[in-house]
Amino acid sequence: MKASEIRSKWLAFFESKGHKIEPSAPLVPHNDPSLLWINAGMAPLKPYFDGRVVPDNPRIANSQKCIRTNDIENVGKTRRHQTFFEMLGNFSIGDYFKEEVITWAWEFLTGKEWLGLDPNLLSVTVYPEDTEAFEFWNKKIGLPEERIYKLEDNFWDIGEGPCGPCTEIFYDRGDAYGDLNDPECWPGGENERFLEVWNLVFSQFNHNKDGSYTPLPNKNIDTGAGLERFASVLQNVDSNFDTDLFQPIIQQTCKLTGVKYHENEEFDVALKVIADHIRTVVFSVGDGVLPSNEGRGYIIRRLLRRAVRFGKVIGMNKPFLYTLTPVVGEVMGVYYPEVVDKREFIEKVIRTEEERFHETLSDGLIILAEMTEKALKEGCTQISGSDAFKLYDTYGFPFDLTEDFAAEKGMTVDREGFDRSMQEQRDRAREARKDADSMKVQGGPLSELTDKSEFVGYTDLVTTAKVIAIVHENQFVDLVGVGETCQVILDKTPFYAESGGQVSDHGLMTAGDLQLRVDDVGKAPHGQHVHTVTVVTGVLRKGDTVQAAVNVELRDDIIKNHTATHLLHKALKEVLGDHVNQAGSLVAPERLRFDFSHFGSISAEELQDIEQRVNRQIWKSTPLSISLKPIAEAKAMGAMALFGEKYGDVVRVVQVGGYSLELCGGCHVANTSQIGLFKIVSESGIGSGVRRIEAVTGRNAYEYLDQQLQLLHDSAVLLKANIQDVPKRIDGLFVQLKELSRENESLKAKLGKIEAGSLTDQVKDVQGVPVLAAQVSAGDMESLRGIVDQMKAKLSSAIIVLGAASEDKVNLVAAVTPDLIAKGFHAGKLIKETAAIVGGSGGGRPDMAQAGGKDASKLQEALQQVEQLVAQVTA
């Protein structure tokens, strides 16, 4: 049976069971850093499993492309290790559970119209505590007990997220693959005979960030079956690599190189590595993940280079991997059309990477061979870290390939020494690099860029511009793929670069199917605006013409806050004195922050005066005048220079009527009325002689005041008072509260005595030991302890366990008199056992202990257990 037919049957089978067929999702990052990314089964469906999203259909099935890269070194050496594979999955989000999924799994595997496997060759494993799954397999399916194995490892948990017990299904491949007398030859053991083909996960818990487990909103099903494994069984071949998923690629490689498959073990390994890695690279590039030196891009680069090196093993000394792209498309294109539609682009990326690496590899391999030969002659089995770093730094030879080459010679590489050399290089280069925020690179690629870039953002927030440079991983590149972050320089830009306290603009760059999200803007050494962007869709190329558009809403908020900062600066000088000078600022969309020099605190009256002065200027609707002046003329006008700014011979002067005059390169409103409203939200001291004001303007000021008024209104409603009477009403309530508190304490004491008196009749004799286990109506733990103390005073010899319950909480207190402590009774141990029944925990001393619980419905059951616990000690 062809692999494509298996996939089609899978989807058809589950569609017949009412499942929605989901298309394969693009490759996404995984939460396990050792995997880097993988879309195995449930990853795209995680929001459904943890209850964040409700699906239209709770039954889902798919065939999902996946990448797993935590065991690259085993690829080609075993029958089943791959970096790219297809995971067939069926899922239930709060719908069917164990019985249905086990029944359907058996039907699909053994049904003649489906896979038609021999049922006598199937075995399963289950989690030891999952008796339900065991019973379904044994009683409903009729699987003999001797073919149902209990394994502690059968609990699916890969870190934060949904998890639960699982059952794995194994296919017996026969005597040719293992001797049953071998102690490891059984389902779950280390052997080749019993092949795991399907894992059914009963996902009913969520693994939380703190390591705890909580029940999911619904019981879910998450299954995964490897298409390649099914194919190897149904095509009756030795390994996954002998299936029709890999053989066309392997045979094409043989045709290119002249080698034959299954004639030379070393060549076979190379052919398998190439076939596996080219599948991974083709699919990754097709999804926009391009080779790079970080994250997912680095893994793709490593796999591609590893395939190139194994190509040399079979005599390929020129780029050839890119020519296998069409073969991958022929095998996989029916279900994954993107590898066909994007063939030319994928080929170009792979070929370019191959050509670059061939130059590196040829020189590096010669030097590495000399290094290993010399080391082995000297009796050394380790390549030094400094030598490995020399290969990396001088010849661009990757450390992982040095490790691979060394391992083949029976050698290791000094990783610590390599890391040490790398750090030393970073330390040497530190002085030659700009700070990441300011982007002032000395000797870096941006310092070499002298092309002009015009800022048009004072007047235009949308413009058409040309991409004149792209920097990725600290080097100029011609293109960048989806998901990558890079720096872009345009010939002109509306995006403001962070400076003078004003944050940078955000927004979008678009062109056809290309979309870039602008996350930050800084300045290059030659003054160009450098946009830090993330490629959301498409591929960014040098020379592209894009529409650059600033987020207008954010810019509007920023300019309100910036002009308000100027007004605030002037108002502070007027109210507090001319000694006030700016010591720092932040002008962001949601708020402004202004640090200034001033010794002493600011009174509430002064703060109110400052706020009113700023608002009066806003309400005057004063137009702003912005002009360029020679620096000497601007200073003669009395313009204030802003903190931390450097000024040239010609400066930009921002004037607000006759009120404020400052040198400023930032963005501002045209008229103060655009600010709308100014509201101070906090004032504090942040250091010796420095104070800070934070404020909001415009819609943010309105929202802030609206929230405050709503809180006041809600308080008035709760107090059943008019808003103006709220302070008086609160004062009255404080007086009442104190009086009620005193009365409450007095009543609790009286009630405790009354309840304690009625409990004496409930004492029971348990094998000669007086035991009191009862539920009382104490409102809190302190009251409960008080009743226990009163009972101890009444009963000279007794074990006392009292409980009190509310809707969502249980309190328990235990006490043991000294004579019974001497006989081995312990209040702490007793309370621990009792609390467990109500879903809690606790402990304490031998004479007194307390505990809490969550399940009030089981309080009586817990208290009834006390007599049995006492009897166990006396027995």
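Here are a few worked exercises on a predicted model.

**Exercise 1. The three-stranded sheet**

Work out in which order the strands of the open sheet that contains E25, E26 and E27 are arranged, and which of them stand at the edges.

*Solution.*
Step 1: Start with the order. The open sheet has 3 strands, arranged E25-E26-E27, and the pairing is antiparallel.
Step 2: Now look for the edges. Strand E25 (624-630) and strand E27 (660-663) each have a single partner strand, so each has one side left without a neighbour in the sheet.
Step 3: Check the twist, which averages 25° from one strand to the next.
Step 4: Zoom in on one pair. E25 and strand E26 (residues 650-656) run antiparallel and are joined by 7 bridges. If you want a pair of residues to click on, take Ile626, whose bridge partner in E26 is Val654.
Step 5: See what lies across the strands. Helix H15 (residues 552-576) lies across E25, E26 and E27, and runs at about 115° to E27.

**Exercise 2. Two partners for E35**

Find which strands pair with E35, and how many bridges join each of them to E35.

*Solution.*
Step 1: Take strand E33 (residues 810-816). It runs antiparallel to strand E35 (residues 848-853), with 6 bridges joining the two. Here Val813 stands opposite Gln850 in E35.
Step 2: Take strand E34 (residues 841-844). It pairs with E35 over 4 bridges, again in the antiparallel sense. Gly842 has Ala851 in E35 as its bridge partner.
Step 3: Look at the link. E34 and E35 form a hairpin, and 3 residues sit between them.
Step 4: A handy rule for reading such strands: in a regular strand, side chains alternate between the two faces of the sheet.

**Exercise 3. Glu168 and its surroundings**

Find where Glu168 sits, what its nearest side chain of opposite charge is, and which residues it contacts.

*Solution.*
Step 1: Place the residue. Glu168 belongs to strand E7 (residues 161-172).
Step 2: Look for a charged partner. Glu168 is buried, yet it has no salt bridge. The nearest side chain of opposite charge is Arg229, 8.3 Å away, whereas a salt bridge calls for a nitrogen-oxygen pair within 4 Å.
Step 3: List the contacts. Beyond its neighbours within four places in sequence, Glu168 touches Ser123, Val124, Thr125, Asn154, Glu196, Trp198 and Asn199.

**Exercise 4. Cysteines**

Say how many disulfides there are, and whether Cys380 and Cys486 are buried or partly exposed.

*Solution.*
Step 1: Apply the cut-off, a pair of cysteine sulfur atoms within 2.5 Å. The count is 0 disulfides.
Step 2: Compare accessibility with the 20% limit for buried. Cys380, at a relative accessible area of 32%, is partly exposed. Cys486, at 1%, is buried.

How values were computed. Residues are numbered from 1 along each chain as its sequence is written. This is a predicted model: local features need pLDDT of at least 70, side-chain atom pairs count only at pLDDT 80 or more; totals for chains, interfaces and linings use all residues. Side-chain values use heavy atoms; hydrogens and water are left out. Buried means under 20% relative accessible area, exposed over 50%, partly exposed in between (1.4 Å probe, protein chains only). Two strands pair if DSSP finds at least two bridges between them. Axes are lines fitted to C-alpha atoms, for helices over the stretch in contact, and angles run from 0 to 180 degrees between N-to-C directions. Contact means heavy atoms within 4.5 Å. Lys and Arg count as positive and Asp and Glu as negative; His and the chain ends are not counted.
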